Amino acid sequence: MLRRALKLRPLLSLHPSSSFSHLFSSSSSSPPPGISSGNFIQLVAGKSDENLSISNPTISIDRSGLCNPPEHCHGPTSDSELVKHLNSIIKFRGGPISVAEYMEEVLTNPKAGYYINRDVFGTEGDFVTSPEVSQMFGEMVGVWAMCLWEQMGRPIKVNLVELGPGRGTLMVDLLRGASKFKNFTESLHIHLVDCSPTLKELQHRNLKCVDEEYISSSGEKKTISQLAGTPVSWHAAFEQVPSGVPTIIIAHEFYDALPVHQFQRASRGWCEKMVDVKKDSAFRFVLSPAPTPANVFLAKRCKWTMKEEVDKLNQIEICPQAMELTESISKRISSDGGGALIIDYGRNGVVSDSLQAIRKHKFVPILDEPGTADLSAYVDFEAIRHSAEEASDVSVYGPITQSQFLGSLGINFRVETLVQNCETDEQAELLQAGYWRLVGEGEAPFWEGPEEKVPIGMGTRYLAMAIVNKNQGIPIPFSEAKPGQT
């Protein structure tokens, strides 16, 4: 996830699209063209109600080719359970593990994974995501979902799936804003895909869920969100979400946490970067002495880009889980109808060396005290597009910047409405700061507060991509883009 620690170059001017301006203008209530029930998008015009894993068998360890030799041999004073677990894996294998396996264990180990037993979001956590920045983000995603539902022909039953919902903030803002549009909300069954028991409890509470006495045929109690009267279900993986129903999928800052394999160019060719352990339990990077199973995915990724681009690189990151997840999503959309919205930070091309660790809003060494910092990597949107198109007969649009995405959906007019309804100057400043962080670039030019609290815009570093069923037309706001166009 992109962190506030990133300093982006200042934005000279914003040029928001006016394609949805009439939805948020107090002087106009005409519906958008081509949408029969256009008044449902006006929800954001009013004042808000509430403020692989892959085993890498090796015989010997090449300790001569360290990747970027900064000393990451930081070990906690007392070995944690996760450190002991990682040590045991490496010793049992008789050699190092891939960066991807290290990353997966650190983030989602069932007993000691970073995400499993704690709330890591917000100012008191390690990082802040867009939904936590402002309610406007979830509202705009809600507008997109309702527009897609309209294009789907207003099905009476829809699975609304969110991958990695965090605290549930995005879904809360989406449902709260859409609650007045009964045809839409009554069609929804919400499916939240998360592996963290702690976060599931937060989601249950924030969505104001109640568990009814009625027990389904599968033996599970029915859970209802009181925000819009919609049923809610939880799953550990996307494959567990029931099929056979049109599906709208939201993946916001989910792909960036999927484990990546890293490769470094060496005299003998591309070698996978591995994690090894020293006698003092500190970890370090080494290069694999022989090809690994992940080399298959490296070859697949290189096939999707120009040889000249690959020849310029000394390091490459690939994410097999992202490829496989995208294939599953695309097949579901192709067979059941619907679409997926992916918003994350990354680039539309091969990713080189982007893996990073964040603790308390600051960058820390990747191998430093595993399980106490978030690990994430740039999302390769070009690989997502190719994975989707090769897996099934779907259309892929984007990526476009988050600023373009939110601006086209009307966030500029939404913030004006909210500011006008603010009761204090402090509320207005918070809204404007949140708006800038979502759509701006670099430090906010209007900021007059403490320098250490200046809002940093991430509107151009985050990208949005849509995957849709080919029978549904071009999804808003990708109307002016051709499939796969940046």
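Trainee: Which residues line the second largest cavity?
Mentor: This is a predicted model, and in it the second largest cavity holds about 30 Å³ of space. By class, its lining has eight nonpolar, two polar and two charged residues. The lining residues are Tyr102, Val106, Ala357, Pro365, Ile366, Asp368, Glu369, Pro370, Gly371, Thr372, Ala373 and Leu375.

Trainee: Which element gives the most to the lining of the largest cavity?
Mentor: The largest cavity encloses about 160 Å³ of space, and 18 residues line it, with Cys319, Ala322, Tyr378, Val379 and Asp380 lying nearest its centre. Two or more lining residues come from each of β11 (315-318), α11 (320-336), β16 (379-380) and α12 (381-391). The element that gives the most, with three residues, is α12.

Trainee: How many residues of each class are in the lining of the largest cavity?
Mentor: The lining is made up of 18 residues, and Cys319 and Asp380 are among those that lie nearest the centre of the cavity. Cys counts as nonpolar and Asp as charged. Divided by class, the lining has 13 nonpolar, one polar and four charged residues.

Trainee: Which residues are the closest to the centre of the second largest pocket?
Mentor: The second largest pocket has about 750 Å³ of space. Its lining numbers 35 residues, and the elements that give two or more of them are α3 (99-108), α4 (130-133), β2, α6 (169-178) and α11. By class, the lining residues divide into 19 nonpolar, eight polar and eight charged. The closest to the centre are Thr108, Gly164, Cys195, Phe254 and Leu258.

Trainee: Why is the pair of Phe254 and Tyr255 edge-to-face?
Mentor: The structure holds seven aromatic pairs, and in the pair of Phe254 and Tyr255 the ring centres are 6.5 Å apart. Both Phe254 and Tyr255 are buried. Planes over 60 degrees apart count as edge-to-face, and the planes of these two rings stand at 85 degrees, so the pair is edge-to-face.

Trainee: How many residues apart are Phe405 and Phe478?
Mentor: Phe405 and Phe478 form a tilted aromatic pair, with 6.3 Å from centre to centre and 45 degrees between the planes, and both residues are buried. Phe405 belongs to helix α13 (residues 402-409), whereas Phe478 lies in the segment after β20 (462-469). The pair therefore links distant parts of the chain, and by the definition of a tilted pair its planes are neither under 30 nor over 60 degrees apart. The separation along the chain is 73 residues.

Trainee: Which residues do ring pairs link into a cluster?
Mentor: One of the residues in this cluster, Tyr378, is also among those nearest the centre of the largest cavity. Ring pairs link the members of the cluster, which are Tyr345, Tyr378 and Tyr462.

Trainee: The charged end of which residue sits over the ring of Phe285?
Mentor: A charge sits over a ring only if it is within 6 Å of the ring centre and within 35 degrees of the ring normal. Here the charged end lies 4.3 Å from the centre of the Phe285 ring, and the residue that supplies it is Lys273.

Trainee: How many disulfides does the structure hold?
Mentor: A disulfide is a covalent bond between the sulfur atoms of two cysteines. Among the cysteines, Cys271 counts as buried because its relative accessibility is 4%, while Cys302 is partly exposed, with a relative accessible area of 21%. The number of disulfides is zero.

Trainee: Which residue follows Gly398 across a cis peptide bond?
Mentor: The bond in question has omega near 10 degrees, and the residue after Gly398 lies in strand β17 (residues 394-401). A cis bond also runs from Ile476 to Pro477, with omega near 0 degrees, and Pro477 is found in the segment after β20. The residue that follows Gly398 is Pro399.

Trainee: Is Lys208 buried or partly exposed?
Mentor: Lys208 lies in the loop between α8 (197-206) and β4 (209-215) and has a positive phi of about 55 degrees although it is not a glycine. Arg154, in the loop between α5 (135-151) and β2 (158-163), also has a positive phi of about 55 degrees and counts as partly exposed at 30% relative accessibility. With a relative accessibility of 41%, Lys208 counts as partly exposed.

Notes. Residues numbered from 1 in each chain as written. Predicted model: local features only at pLDDT ≥ 70, side-chain atom pairs only at ≥ 80, totals over all residues. Heavy atoms only, no water. 1 Å grid on protein atoms, 1.4 Å probe; cavity = no way out; pocket = protein on both sides within 12 Å on 5 of 7 lines; lining within 4 Å. Points joined across faces, edges and corners; volume = space filled by probe spheres on them. Helix = DSSP H or I, 4+ residues; strand = E, 2+ residues; numbered from the N terminus. Phe/Tyr/Trp six-rings, centres within 6.5 Å; stacked < 30°, edge-to-face > 60°. Buried < 20%, exposed > 50% of the residue type's maximum accessible area, 1.4 Å probe, protein only. Disulfide = S-S within 2.5 Å.
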